[in-house]
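Biologist: Please take me through the terms used for this model, and set each one against its definition.

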Amino acid sequence: MKPVDSLKGFGVGLRPCHYADFLSNQPKVDFVEIISENYMVTGGRSIETLQEIAKRNPVIPHGVSLSVGSSDQLDWDYLTRLKKLVDTLNPPWFSDHLCWSRHQGHYMHNLLPLPYTHEVAKFVAEKARIIQDFMERPLILENVSSYIEYTDSVMTEWEFLTEVVTQADCGLLLDINNIYVSAVNHTFDPMDYILGIPANRVRQHHIAGHKNKGTFLLDTHDHNVPDPVWDLYRQSIPIFGEVPLILERDDDIPTLDELLIELNIARQIFNATHTQHTHTSA
Ligand SMILES: [Fe+2]
């Protein structure tokens, strides 16, 4: 695989319905992101396809089952298989979520938020450090969208996130849509979140759409990115600068051409805002 030292630009989540487009053309993306667990197998068609696509496109492995916040022991079988995949792709980092999704070996199939306490932050940071050391590559943790809060919490989500990544010495995958969804659901100002985290630890962004369920927003990745999420991305650019971005789509997936038109909106917003900010601050 082509080694990747650093990443810039704009990409999409690689989904099987777009394999043929990637194999027959060179779509206008700077990199792609995969769901790691879909490729943690030995051989088979999906791995062969991925290897072919990875020859022309940097690939970031993004996991959904690490469950770094779980009180379970680390799953060394999972980590060993993940390391094998990550080493093959040779990305500048790998990612998963700051959440828990496994308890006593049972998977919830949900990325659940953690209680925001100093004790939990320390516990998660220690696990993240062990994982990062084992993988011999930077781990970046993603903020999840949430629908519940714990009465045990003693700080905000962004204070908790800051405490974890600082103690673990790892990076952040900041999902702009997840901030917006949680801000609406828990009635906080999303800019407080964006201004409250250490900007120098943000390595990558996600952006996506969600569903309005009337009394709350649900992070479904089945719609185009709505205007308030684009607005939040626009407002974040002067704070975080040039951060590689992945457009996520997991349901009602459009053609790759349609997805790339949407990805181009992100490019245009970044170019317009970054240029404007550079001129203003010059
Ligand atoms: Fe995300």
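The exchange below deals with strands, helix packing, burial and backbone angles in turn.

Modeller: This is a predicted model, in which local features need pLDDT of at least 70 and side-chain atom pairs count only at pLDDT 80 or more, while totals for chains, interfaces and linings use all residues. Residues are numbered from 1 along each chain as its sequence is written.

Biologist: What makes S1 and S2 a pair of strands?

Modeller: Strands (E, at least two residues) and helices (H or I, at least four) are DSSP runs, numbered from the N terminus. Two strands pair if DSSP finds at least two bridges between them. Strand S1 (residues 10–13) and S2 are joined in the parallel sense over three bridges, so the criterion is met. Valine 12 has valine 32 in S2 as its bridge partner.

Biologist: How do you know that S2 also pairs with S3?

Modeller: Four bridges join S2 to strand S3 (residues 59–62), and the two run parallel; the bridge partner of isoleucine 34 in S3 is proline 61. The chain passes from S2 through helix H2 (residues 45–54) to S3 in a right-handed β-α-β crossover. S1, helix H1 (residues 19–24) and S2 also make a right-handed β-α-β unit. A crossover is called right-handed if, with the strands pointing away from the viewer, the path from the first strand over the helix to the second runs clockwise.

Biologist: Why is S2 called largely enclosed?

Modeller: A residue is buried if 20 or more other C-beta atoms lie within 10 Å of its own, exposed if 12 or fewer, and partly exposed in between, with C-beta atoms placed from the backbone. Four of the five residues of S2 (residues 31–35) are buried, so the strand is largely enclosed by the rest of the structure.

Biologist: What makes H6 largely enclosed?

Modeller: Eight of the eleven residues of H6 are buried, so the rest of the structure largely encloses this helix. Among the buried residues are Asn178, Val181 and Ala183. Their cover includes H5, strand S8 (171–175), helix H7 (190–196) and H8.

Biologist: What angle do H6 and H8 make, and which residues meet?

Modeller: Helix H6 (residues 176–186) and H8 pack at about 115 degrees with their axes 9 Å apart. Axes are lines fitted to C-alpha atoms, for helices over the stretch in contact, and angles run from 0 to 180 degrees between N-to-C directions. Ile176, Asn177, Ile179 and Tyr180 in H6 meet Pro228, Val229, Leu232, Tyr233 and Ser236 in H8, where contact requires C-beta atoms, placed from the backbone, within 7 Å. By class, this contact of H6 with H8 has seven nonpolar, two polar and no charged residues. Ala, Val, Leu, Ile, Met, Phe, Trp, Tyr, Cys and Pro count as nonpolar, Asp, Glu, Lys and Arg as charged, and the others, Gly among them, as polar.

Biologist: Why is histidine 221 called partly exposed, and why is aspartate 252 called exposed?

Modeller: Histidine 221 has 19 C-beta neighbours inside 10 Å and therefore counts as partly exposed. Aspartate 252 has 11 such neighbours inside 10 Å and therefore counts as exposed.

Biologist: What makes the backbone at these two residues notable?

Modeller: Most residues other than glycine have a negative phi. Histidine 221, although not a glycine, has a positive phi of about 55 degrees; histidine 221 lies in the loop between strand S11 (217–218) and helix H8 (227–240). Aspartate 252, also not a glycine, has a positive phi of about 45 degrees and is found in the loop between strand S12 (245–247) and helix H9 (256–281).

Key. Contact = placed C-beta atoms within 7 Å.
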